[in-house]
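Trainee: I would like to go through this model with you, one point at a time. Can we start with the terms?

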Amino acid sequence: MKIELIPAIDIIEGQCVRLTKGDYDQKTVYGSPLDMAREFESLGFKRLHVVDLDGAKAKHIVNSTVLQSLASETSLRIDFGGGIKTQEDIELAFKSGASMVTVGSVAVTQPELFLSWVKHYGADRMILGADVRNGKISINGWKEDSSEDLLPFLRKYTDAGVTNVLCTEISKDGTLQGPAIELYRCIMAEYPTLHLIASGGVSSIDDIRALDAAGIPAVVFGKAIYEGRINLKELISE
């Protein structure tokens, strides 16, 4: 497969968790983030997607010490998101070992600030988080829906030089009901050079194969790993 495979670790109170549809009341705890990261590394994965769910709720980074341990005790290239609202948050993320940061809410509420960060740090280190519910971009840990429609929102930023987009279909996230492949096809048809990272709903290797066949550049997946739906050794060998 050509698709880039990115396992996910979501963090609440220092533990690896998964939510269903972003609902903090539908939480399953899976233990130590570092143990999971080491397992991913031992299997041959190169990259890791880390989300600070406490940070997303608090609107500033909370779990920087966890990020620091993941970065210092594995060789995984980490993209980090959740609660990045200020330049101080970005500096803390990079200082703690992140290679890239994912920014969503600020891109909606303060577009000029987000673009200044892209210019300052470089498009290769910034990922635009485009979390979608009912066709609208959702912000602040998925607690609020904005008035922004997905495709015009992406146009604004791709025209300004953004190259990496993480798109989560919230209604799919954590449900193990399959990814929103048609949504991602639509995005790639509109923006064929975009490095699009699909997220949400992956339940099996077949889902990842389908995304690969659709020409999607990268995929983030988490719950299917923790629930034993995906054999990671089989996946990494394809």
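Mentor: Helices (H or I, at least four residues) and strands (E, at least two) are DSSP runs, numbered from the N terminus. This is a predicted model: local features need pLDDT of at least 70, side-chain atom pairs count only at pLDDT 80 or more, and totals for chains, interfaces and linings use all residues. Residues are numbered from 1 along each chain as its sequence is written, and side-chain values use heavy atoms, with hydrogens and water left out.

Trainee: Where is the place of Leu-176?

Mentor: Look at the elements on either side. β10 (164-169) and α8 (181-190) flank Leu-176. Its place is in the loop between β10 and α8.

Trainee: Is Leu-176 buried or exposed?

Mentor: Buried means under 20% relative accessible area, exposed over 50%, partly exposed in between (1.4 Å probe, protein chains only). Leu-176 touches Gly-201, Val-202, Ser-203, Lys-223, Ala-224, Glu-227 and Arg-229, not counting residues up to four places away in sequence; contact means heavy atoms within 4.5 Å. Its relative accessible area is 16%, so Leu-176 is buried.

Trainee: Which residues of helix α4 (residues 87-95) are buried, and why are they on the same side?

Mentor: The arc is that of the directions from the helix axis to the C-beta atoms. The buried residues cover only 130° around the axis, so they sit on the same side of α4. On the other side, Glu-88 and Lys-95 are exposed. The buried ones are Asp-89, Ile-90, Ala-93 and Phe-94.

Trainee: Which residues have the most contacts inside the largest nonpolar core?

Mentor: A nonpolar core is a set of buried Ala, Val, Leu, Ile, Met, Phe, Trp, Tyr and Cys residues joined through side-chain atoms within 4.5 Å. The largest has 71 residues. Its largest share, five residues, comes from helix α1 (residues 33-43). Those with the most contacts inside the core are Phe-114 and Phe-221.

Trainee: Which residues does Phe-114 contact, leaving aside its neighbours within four places in sequence?

Mentor: Take the valines as a start: Val-103, Val-106 and Val-162 are among them. The full set for Phe-114 is Val-103, Val-106, Ala-107, Met-126, Leu-128, Tyr-157 and Val-162.

Trainee: Against which elements do the buried residues of α4 pack?

Mentor: Two helices and three strands are named by their ranges here. The partners are α3 (64-73), β5 (77-81), β6 (100-103), α6 (111-121) and β7 (126-133).
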